[in-house]
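Good morning, colleagues. Please take a moment to look at the sequence and the structure on the screen before I begin.

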Amino acid sequence: MTTTPDLDTPDLDTPGLIPPDVNSVDADSLYTVGDDIADTKAPNVPIDRRWEERKFKAKLVNPANRRKLSIIIVGTGLAGGSAAATLGEAGYQVESFCYQDSPRRAHSIAAQGGINAAKNYRNDGDSTYRLFYDTVKGGDFRARESNVYRLAEVSANIIDQCVAQGVPFAREYGGLLDNRSFGGVQVSRTFYARGQTGQQLLIGAYQALERQIAAGTVTMHTRHEMLELIIVDGRARGIVARDMTTGEIETHFADAVVLASGGYGNVFFLSTNAMGCNVTATWRAHRKGALFGNPCYTQIHPTCIPVSGDYQSKLTLMSESLRNDGRIWVPKSGEDKRDARQIPEEERDYYLERIYPAFGNLVPRDIASRAAKNVCDEGRGVGPGGLGVYLDFADAIQRLGRKAVEAKYGNLFDMYAQITGENPYETPMRIYPAVHYTMGGLWVDYDLESSIPGLFVAGEANFSDHGANRLGASALMQGLADGYFVLPYTIANYLADGPYPKVDATHPAAVQAVEAVKDRIDTLLSLNGSRTVDSFHKELGHIMWDYCGMERSDEGLRKAITRIRELRKEFWSDVRVLGTNEELNQALERAGRVADFIELGELMCIDALVRRESCGGHFRAESQTEDGEALRHDDEFAFVSAWEWGGDGGKPVLHKEQLVYEYVEMKQRSYK
Ligand SMILES: Cc1cc2nc3c(=O)[nH]c(=O)nc-3n(C[C@H](O)[C@H](O)[C@H](O)COP(=O)(O)OP(=O)(O)OC[C@H]3O[C@@H](n4cnc5c(N)ncnc54)[C@H](O)[C@@H]3O)c2cc1C
């Protein structure tokens, strides 16, 4: 079997099957509908007892047997790093993979603002139920209740674990851990380490991981990129990885495989994600049968430094924590081109405080992003091109003093000054929404097991907890919950039936997977076309941003699907990848990733087209309330879309997981 798309297959060329121009076809003819699916692992007991019950009923593996069982973990960010450290410490043989030169360079290191936990240290009414409620509501009622409740439940343990590791969370004068607020909530539950929370948490996980590496329970493979999943007798049993420095194609086998490979926001080319973030690990698993959940749910973060030109390849986040003290505004009149400081108070529109008085500048990200887009669309945006709004600290500096502001946000202000050349202590920051996070990912059940037995998925790579919109500071919480507290139980339950029959590189499934990888690499290197990989990536990004970004419409999504199909064809006939396989070859690495992004982009647009409602970060122009807010259609769309790969040239198959809300009442969201 080859995984290189066969360009002569009928999907692209034969009219009638899936026409290249999809404008004339009914959305339904782009996909087929399969059977409904359901999570069968969450016990049928009251929600506050489900996790306890699941842990109690889960099978155990005795310590002596753990040494005989092996687990591959792809990813060393907060999800993969914490899982590898914990499972290693439990005594399993763990093989850990990352494409960076060190596990602690995983993208989690970039996280700035904080991590949520229902500790109620501020005595302001927080509780497990409130964190659960806020997350379900913030996700616009498109997340699974059981998983979200468990996330809220284990959140407090994460803070204790990290404090025990020495993570230097910010403290109040008296020595107690400090908290701040993030969007979509009315309590202070966000723990932080200045603007470097991800880095400090990752150092905690990393040192725990290094300890296990030294102890011999974890074997670390840096600079290795997983390019295929190996499935034997219906179970995930290994991976094919490329040594990125020598080009050697290797096989690795285990009793279970965990993907903790992060999110796919870089499908948009420009995003706040690290340049290396990609979808390959999960996409390759998807092509092998793992269902992909809600691919179109993308988070657009409202506070990023605006795009400054055509040659830019990366966007920078200004942490949401800044919205605790910064006030967002634009001039009341689009004609007003004065310097921000010269615009008097009464001629400013603090539009979030005006439209959403209950939450003000701390509305959830999807709402803040759309509001920024709306004022810019009205012609009131600021800065070059009019794609920006002000984030102003003048009030905070006056109220708290510059020193206090510096202590809380100093590194973020420095970063802003270095990138823009402007001093945010003296003039307001300019911000604009940008792609930041993907709520979609591989579908998993309550055990975080995908639709392929033995394949578990953790962190941003799975779809599980955030519905159609993630609340700020909840990704770090989820990654660490998955790695430290959930997988160690659920994988043990799976491994208790192991060890599974031994597999090695001579197994036909392994041989086939290796051949597919080699084939694809050879094809990429031999095409010798005229366009760079980046030019394809950039074009895909434009299509995705224009048609599957902050606002989507039926017409736009059809255009996007047509164009992405053409782009895919052009890519496989005209891409130019220089160099060879047997060396460090970043063009080759990127080519493989962009090829997968192109396929994913098409599925994202189909998913968005099918969902004819607005929910969370997914705003369908055709589905809005009279005052322009997102309008859900719970009667038709209260489900998770779990897509099955339809094969090269085939149509993807939609399986629906119906969402049932027993503990939170589904309502139209309001932050007014
Ligand atoms: C700028 C920024 C700031 C953020 N701030 C916050 C915040 O304050 N609070 C919050 O809660 N969230 C925040 N987030 C989101 C959060 O950082 C991420 O969602 C989270 O860190 C993802 O962790 P992860 O472990 O799932 O994946 P990652 O940290 O992305 O790690 C992925 C790992 O997988 C490996 N990998 C991927 N593909 C392969 C492959 N094919 N082969 C081998 N290895 C592979 C990588 O090498 C890496 O080790 C922020 C995100 C950004 C972009």
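Which residue with a positive phi follows α10? That residue is G379, with a phi near 90 degrees. I should say at the outset that this is a predicted model.

Let me stay with helix α10 itself. The helix runs over residues 365-377, 13 in total. From its first C-alpha to its last, α10 reaches 18 Å, close to the 18 Å expected at 1.5 Å a residue. The helix is mostly covered, with 11 of its 13 residues buried. Among the buried residues are R365, D366, K373 and C376. The cover over the buried residues of α10 includes the strands β12, β13, β15 and β16, together with the helix α9.

I now turn to the ligand. It is surrounded by 37 residues, and the closest are Q100, S108, G113, M226 and E460. By class, this shell has 17 nonpolar, 17 polar and three charged residues.

Several polar atoms can be picked out here. A nitrogen atom of the ligand lies 2.7 Å from a backbone N or O atom of M226. In the side chain of E460, an N or O atom is 2.6 Å from an oxygen atom of the ligand. For S474, a backbone N or O atom lies 3.4 Å from a ligand oxygen atom. Taken alone, the ligand exposes 1,000 Å², of which the protein buries 98%.

Finally, which elements give two or more residues to the shell around the ligand? They are α4, β7, β16 and α13. The largest share, three residues, comes from β7. Strand β16 thus appears in both parts of this talk: in the shell around the ligand and in the cover of α10.

Terms used
Residues are numbered from 1 along each chain as its sequence is written. This is a predicted model: local features need pLDDT of at least 70, side-chain atom pairs count only at pLDDT 80 or more; totals for chains, interfaces and linings use all residues. Side-chain values use heavy atoms; hydrogens and water are left out. A residue is near a molecule or strand if one of its heavy atoms lies within 4 Å of it. A polar contact is a pair of N or O atoms within 3.5 Å; within protein, one must be able to donate a hydrogen and the other to accept it, and residues adjacent in sequence count only if both atoms are side-chain atoms. Accessible areas come from the Shrake-Rupley method with a 1.4 Å probe; for residues, only the protein chains shown count as cover. Helices (H or I, at least four residues) and strands (E, at least two) are DSSP runs, numbered from the N terminus. Ala, Val, Leu, Ile, Met, Phe, Trp, Tyr, Cys and Pro count as nonpolar, Asp, Glu, Lys and Arg as charged, and the others, Gly among them, as polar. The expected span of a helix is 1.5 Å times one less than its number of residues. Buried means under 20% relative accessible area, exposed over 50%, partly exposed in between (1.4 Å probe, protein chains only). Contact means heavy atoms within 4.5 Å.
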